[in-house]
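I opened this notebook page to record two things I wanted to look up: how the chains touch, and how one strand sits among its neighbours.

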Amino acid sequence: MSAFPDRAQVVVIGAGIVGNAVVHHLARLGWRDVLLVDKGPLPDPGGSTGHASNFVFPVDHSREITLLTGDSSRQYAELDTLTTCGGIEVARTEERVQELHRRMSSARAWGIDAELISPAEVAEKVPFLDPSVVLAGFWTPSVAVVDPLRAGELMRERATAAGALTVSALTEVLAIVTEGGRVTRVRTDRGDVETEYVVVACGVWSPRIAALAGATIPLTPAVHQMIDVGPIAELAETGREIAFPIIRDMDPLMYERQSGPDLEIGSYAHRPILCDPDDIPSIAAAALSPTQLPFTPDDFDPQMEAALELFGGILDRPDAGIRHAINGLLSLTPDGHPLLGETEVRGLWSAAAVWIKEGPGVGRLIAEWMTCGAPEIDPHASDVARFAPHERTRAHVRARAAEGFNKTYGIIHPREQWSSDRGARRSPFFPREEALGAEFFEVAGWERPQWYRSNEPLVAELGVEDRPHEWDARWWSPITSAEHLAMRRAVAMIDLSAFSQFAVHGPGALAYLQHLCVAQMDRPVGRVIYTPVLGPDGGFRTDLTVVRLGDDAFRVITGASDGARDLAWFRRHLPADGSVALEDVTSAVCTLGLWGPRARDVLAAITDDDVTDAAFPFATARTVHVGSIPVLALRLSYVGELGWELHTATEHGLRLWDAVAAAGAPHGIVPAGIGVYGTTARIEKGYRLMGHELDAEHGPVEAGLALPRIKEADFVGKAAYTKAREGEPEATLCTLRLDGTTRFPQGGEPILTPDGARITDRRGRPSYVTSAGTAPSLGTHLMLAYLPPWHAVEGTGLLVEYLGERYPVTVARAGRTPLFDPDDTRMRG
Amino acid sequence: MPTTMDVLVCIKRVPAVGAEIALTADATAIDTRHLGFTIGPHEECAVEEAVRLAERTGGRAGVLTVGPPATEEQLRYALSMGADHAVRVDAPVADPEPEVTAAAIAGALGELPPYDLVLFGEASADAGHAQVGFRVACALRRPVVGGVKGIEVGDGRVSLRREAGGGVEVHDAPLPAVAAVLEGLNLPRYPTIKGRLRAKKAPVRVLAGPAATSGLRTRRLRHRPEARAETVLLGQGAGAAPAVVDVLAELGVVR
């Protein structure tokens, strides 16, 4: 081993699959003086990589995770550390059969070969399985077993051979020194290393290591129980590590895989057993390894019974003993996704909460991100910056991790809500909303009314139909459509207090925003500006509204779900000279949306200020007084109606609500939920949503959000944006209409040609439903999807695959022109 | 064919430790907050032997422990290996001093149906007093042999084999008898899934435990002075082969 260096370009902490993959890809991308340290010995330092089950199921409902898994599989295969064995998710219940159909849709959407097979076919592939308890199987031929320890070794070898890597095992990190919010030095028990970059790839220990620098990596170690039963003659005589497909027995939340002569049984069904990073034993003190805790048999007993039902033929033998049983540790996060990207400390990167199946892909993603500023795979759902402060607390992480653990193999509805640690953030309108019977959905901790039971009578009055199928109607109510129609008929008030809002001011404010935003920011005071915000490669980073409040003062308003991520992006780009102040004013401001043909009547009734179109035109902002409450009113709309966002100080909120409700009553005002704002009204207007239509893979041209002119000022992504405008787009965001069915796709489904073929554009990007929603004013169900130019033609007939069936759809609109009120006359009215 | 053998194995719940053992703040006990529990390897062999004897002779294999309800985890482990009944003598801790433990077991044996053979591990995996088996035998006035690595039963008698002074001693004793066995007596089986599920539901008979203490106290535990195992690099690649051969010859693996 070479001498411990006193300087490195980057220090990667943790030599599990993730850390090894990070150093390999950093070296490949030209980094030198890369130092990899681990407290444990090599090749197995004692983390979760050393005891993982090592199988890779490629299909996930999340495209991001599917892409990371696919990339990882390619890398494992290229390193000759992958054995393809196939895998079957088996269903024991009708609800699970439906879920397997849904997985088929995801497989088709992401282009992964898979098939639904009968119990007899399952038993053909796995002869010692009892097919009588199985209703169907989801067969994926490309399921594989990998060897992450060997892969890691090879990756280290490659980086070392490139002259880029120093590896220091048995090296404990004692401190991470920062100066001015930046990493400067790592202190270890072998000496200090000066460095500007640190990657925390420490798995279950990551929170503890990040805390050394004052950063948070919100995960908790949690137990996943596994046992090995053997020897089993049928398995032993194959002479191979794995010769039979892996079974995921989805309903009891467990899996069974061959491991040489043994059958390994793992479970996600037991009670959540969380542990603190500080309580993980040291290597010396651990009986097996630090992440293989003592088995607690009582927790596993129900799984043994379930395993006997499926594999009684080989498990119920006197010589087949439980030879190994552990409470293995893995990392759980509040939302189940990985924690990737730069933390709140500059130069300190997180590569944590990663499964074996994503490890190499994450390594590449992190290395690209650190090198180029943006990775090829959009890390939107995995960005470590996505959490609000309260979501980074131990209590929240543990509550959600405990709730999420049993969802690992669960059937998760796309609209499903969390039940733990609710009520963290409440708008000032909350008491009124509660009294109106609001059904609260959560975003970033905010409780937002999705619909109001007080509006139930409108369902019959307006003739809204229910959804006949339970899955379609789950986490949904016909009240949303009724609220929608009532808004379009008269006027609605909508709680938008969850918006993230940043105050930007100072002499450098204009130049700063010009640099981040696509739209021209140098507009008159009082102007409301919608703008895309791009990454360096021209894909969407976010989209938001900027209000110019003064020469050097702006308000940035963005969605709640991306608020924390956007704040991190804006913070990261602040000039070092102190000429710009950025302040998160989310909690200081509450927002009430007021929209509908009668909105002006309502606002005029509560303010003496002139709110006529002449005095208060579209896309402008003004302060108006509602009684003694100063209100910043923004004339814009995400629902396609005349109206305003009314912003005021949080403490005035209740008064504002009451004033609007009282003045609105004679005009037929209704409170409307986010079901209207985020789905029905939005989709009728074809408005795009970050994280759905808008992602790093698509830019404004393809999303139909290119602006008429390119501004002179330079901005992030300008070169790519300019180039994209010059050619024809490879895909166009289209609105599709579902033709006559009583089923309602909900998002994520593949769009197929009339003869059932998968659709991809020339860059290989698939066409799938990015958002779906009922359009009550149009009497139909709409979907948004990117289509390649040869399908992005209005009137074209295609198919959508939903829960195993294919339904005809028609391209109703190619591009951004709304289907409802295409000339926007209503909101300009 | 020997007569039916009813065998009782006395086991003790001990912490499953790693290479480094943490002590409590007052250094009077092992810090078990992050540890699992097990039975010692001698006792595993005792359970295996009891199960085999019972199977072979159509008798019964019981397990007994002294301690609080948590110790039933170890009783159930033994049940999952094939023992057919379990007894817990209630005590506030799993490690009363040897005299008290022995008295508790002797007392329990007075309440339980008679056993032909009572087996102990040679010494517990944690305290290692190696007293309880002998104390119980004395209390019951039965013959006892320690360090046993072979058991054969005949008609009303048992033959117990132990290694001593480079040779082998074989003791012949009338039943009922007591033996403390050593690891290596047999190769204990792993529990089966069916065994575990049966063990989980099996009843554990609970007997009242000892009231008195003998006054023996642990004052302090100390770690052994650190004896670091030195890793010696014999060389790299093919060049290391002669050195490896030397070591193997030294160990007697090759000649």
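The entries below go from the contact between the chains to a single strand and its partners.

Entry 1. I noted before anything else that this is a predicted model.

Entry 2. I looked up the contact between the chains and found 23 residues of chain A in contact with 18 residues of chain B. On the side of chain A that touches chain B, α8 (297-315) and β19 (321-332) each supply at least two residues, and the largest share, 7 residues, comes from α8(A). Sorting that side of chain A by class, I get 16 nonpolar, 2 polar and 5 charged residues.

Entry 3. I then turned to strand β15 of chain A, residues 246-249, and asked which residues cover its two faces. A:Ile246 and A:Arg248 lie on one side, A:Ile247 and A:Asp249 on the other, and all of them are buried. I add the reminder that side chains in a regular strand alternate between the two faces of the sheet.

Entry 4. Which strands pair with β15(A), and in what sense? Strand β5 of chain A (residues 87-91) runs parallel to β15(A) and is joined to it by 4 bridges, with A:Ile88 standing opposite A:Ile247. Strand β16 of chain A (residues 254-259) pairs with β15(A) in the antiparallel sense over 3 bridges, and here A:Asp249 stands opposite A:Met254.

Entry 5. Following the chain from β15(A) to β16(A), I see that the two form a hairpin with 4 residues between them, and I marked A:Leu253 in the turn for its positive phi of about 60°.

Definitions and conventions:
Residues numbered from 1 in each chain as written. Chains lettered and ligands numbered in written order. Predicted model: local features only at pLDDT ≥ 70, side-chain atom pairs only at ≥ 80, totals over all residues. Contact = placed C-beta atoms within 7 Å. Nonpolar A, V, L, I, M, F, W, Y, C, P; charged D, E, K, R; others polar. Buried ≥ 20, exposed ≤ 12 C-beta atoms within 10 Å, placed from the backbone. Pairing = 2+ DSSP bridges.
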